[in-house]
Structures are given as structure tokens and as C-alpha cells.
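Q: Please take a close look at one residue and its backbone. Then set that residue in the context of the whole structure.

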Amino acid sequence: MTPQPVLNRVLLTLTGLVLLGGGLLIIAAGCDLYRRLDLTPPAGWPLTAPDDVLISSADRARWSSQKWWWPAVIAILALITLLALWWLLAQLRRQHPSRVPVGTDHAQPGVELHHSTLSDAIAAQAGSLPGVSRAKVRLTGRPARPRADITVTLTPTTAPDTALKALHDGPLNDARQSTGHNDLTAETRLRIAHHKPHRAH
């Protein structure tokens, strides 16, 4: 697994946990669950009753008279907005390329291959390998540097290392040679096909 997907998943997980925790905190206070369930929240715990607020009027007005307050607030909000837009654009750039240039000189315009044609060809060849039940391929990355995300379903008796070697020496090697993308990278996920248990008679 590459570092970028790991970072994205960590950030999404942390963001989801913060939002979930904040939502549960607001729901618990709004429904007055602490009193109804006879629970004692920790000292200084925010939002313990329906009438509580997260930020009091005194806290909201504490720094508003200072000259630096509103410029600082605007700068922080602008920074958060820019970071969110940067992250969103980074995710959009990771979508599959519409076309993949073919040949050794990818900087010069020439023959291009539709992404679905290349991914279907790799998937068809991978699906015909011994021990492979089915294969699914999706191209990601930039057109000049595509990457293949491959999901391979193996039969229960197939060794994973054997399947990976066959995939590398066969479909991936053919794709690199036919397109000129010798730097074509791949991330492969292996699954085992479900099978019914055999009964002994």
C-alpha cells in the first residue's frame, strides 16, 4: 500500500472520529442523558445539560476587542479552507487517466490508448492465469505515469506467491512492453474465492 492512500485513510479516520465524538457529545447534552442515566461527567466536561453552550458569551467576547483578533480568525479560516481545497484537488488528480500515451517518448503527442482498453486487457489476461478465478483492474495516476490497481480472486488451492509471480511476468510485463511504460507500477490485492465444504462419505 502506498503512503498517500494510508495518509488519506488516517486523515479521514481522525476527522470521522472527531465529528462522531462531537456529535455524540451534543446529542448526550441535548437529550439530557447524563441526568436521565444518573451519570457524572468529568470535571470541566463541556455540554452536560440542554442549556449548556460550548463557548460562553464571555469567552466569545474575550478577544473581540483586540485588533489582532479578527485578522487572526480570518487567516485561520482561510488556511483551513485552502488546505481542504488542496486535499480535494489531490483526490481528483488520483482519478484514472482518460487516455494513456503509448510509446517511449510520452512527452510528445502521438498514439494514445483509452484507459479502459488497457485495464480491460490486463484484467482479461490476468483472469486467464492458472489459479485465478477473476481479476479486476483500475488505472490511476497521471497519464504519463499510470498505475494499475489490481484485485485478483484466487481459487482456494492457489499459492499467492505463485499467482503474484505469474501476474508480474505475464500481464504486467506485457502491458509495460506494449505501452512503453516501463515504470508502470501496480498494487495488487489478493482474495480467495469462496467454496462449499466437501462432505466425507
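A: D32 is buried, with a relative accessible area of 11%; buried means under 20%, exposed over 50%, and partly exposed in between, with a 1.4 Å probe and protein chains only. The model is a predicted one, in which local features need pLDDT of at least 70 and side-chain atom pairs count only at pLDDT 80 or more, while totals for chains, interfaces and linings use all residues. Residues are numbered from 1 along each chain as its sequence is written, and side-chain values use heavy atoms, with hydrogens and water left out.

D32 sits in the loop that runs between α1 and α2 (33–36). Helices (H or I, at least four residues) and strands (E, at least two) are DSSP runs, numbered from the N terminus. The backbone of D32 is notable for a phi near 55°, a positive value in a residue other than glycine. As a general matter, most residues other than glycine have a negative phi.

D38 also has a positive phi, near 55°. This residue belongs to the loop between α2 and α3 (57–60). D38 counts as exposed, at 69% relative accessibility, whereas D32 is buried.

Helix α1 spans residues 3–30 and contains L14. At 48% relative accessibility, L14 is partly exposed. Together with V10, L17, L20, L24 and I27, L14 makes a nonpolar surface patch of about 570 Å². Patches consist of residues with over 30% relative accessible area and no salt bridge, like charges being joined within 9 Å and nonpolar side chains (Val, Leu, Ile, Met, Phe, Trp, Tyr) within 5 Å. Areas come from the Shrake-Rupley method with a 1.4 Å probe, and for residues only the protein chains shown count as cover.

The wider setting is as follows. The protein has six helices and five strands, arranged from the N terminus on as α-α-α-α-β-β-α-β-β-α-β. Of its 201 residues, 23% are buried. The exposed surface is about 14500 Å², and carbon and sulfur atoms supply 63% of that area. Contact here means heavy atoms within 4.5 Å. Among contacts between residues at least 6 apart in sequence, 53% join residues at least 24 apart.

The interior comes next. In soluble globular proteins, nonpolar side chains tend to be buried together. A nonpolar core is a set of buried Ala, Val, Leu, Ile, Met, Phe, Trp, Tyr and Cys residues joined through side-chain atoms within 4.5 Å. The largest such core has 18 residues, of which V137, I150, V152 and L167 touch the most other members. Two or more residues of this core come from each of α5 (115–127), β3 (132–142), β4 (145–154) and α6 (160–179). Another core lies apart from it and has five residues, among them L25, A28, Y34 and L47. Leaving out residues up to four places away in sequence, V152 touches V132, R134, A135, L167, T188, R189, L190 and R191.

Charged side chains complete the picture. Side chains of opposite charge can pair when their charged atoms come close. A salt bridge is a side-chain nitrogen of Lys or Arg within 4 Å of a carboxyl oxygen of Asp or Glu, and six are found in the whole structure. One of them joins R147 and D149, with the closest N and O atoms 2.9 Å apart. R147 lies in strand β4. R147 is buried, with a relative accessible area of 12%, and D149 is likewise buried at 12%. The two side chains are also joined by a polar contact of 2.9 Å; a polar contact is a pair of N or O atoms within 3.5 Å, where within protein one must be able to donate a hydrogen and the other to accept it, and residues adjacent in sequence count only if both atoms are side-chain atoms.

R189 and E187 form a salt bridge of 3.3 Å, N to O. R189 is partly exposed at 32% relative accessibility, while E187 is buried at 11%. Salt bridges that share partners link R147, D149, E187 and R189 into one network.

In helix α6, K165 and D169 meet in a salt bridge of 2.7 Å, N to O. These two residues are separated by about one helical turn because they are four residues apart in that helix. K165 is exposed, with a relative accessible area of 54%, and D169 is partly exposed at 40%.
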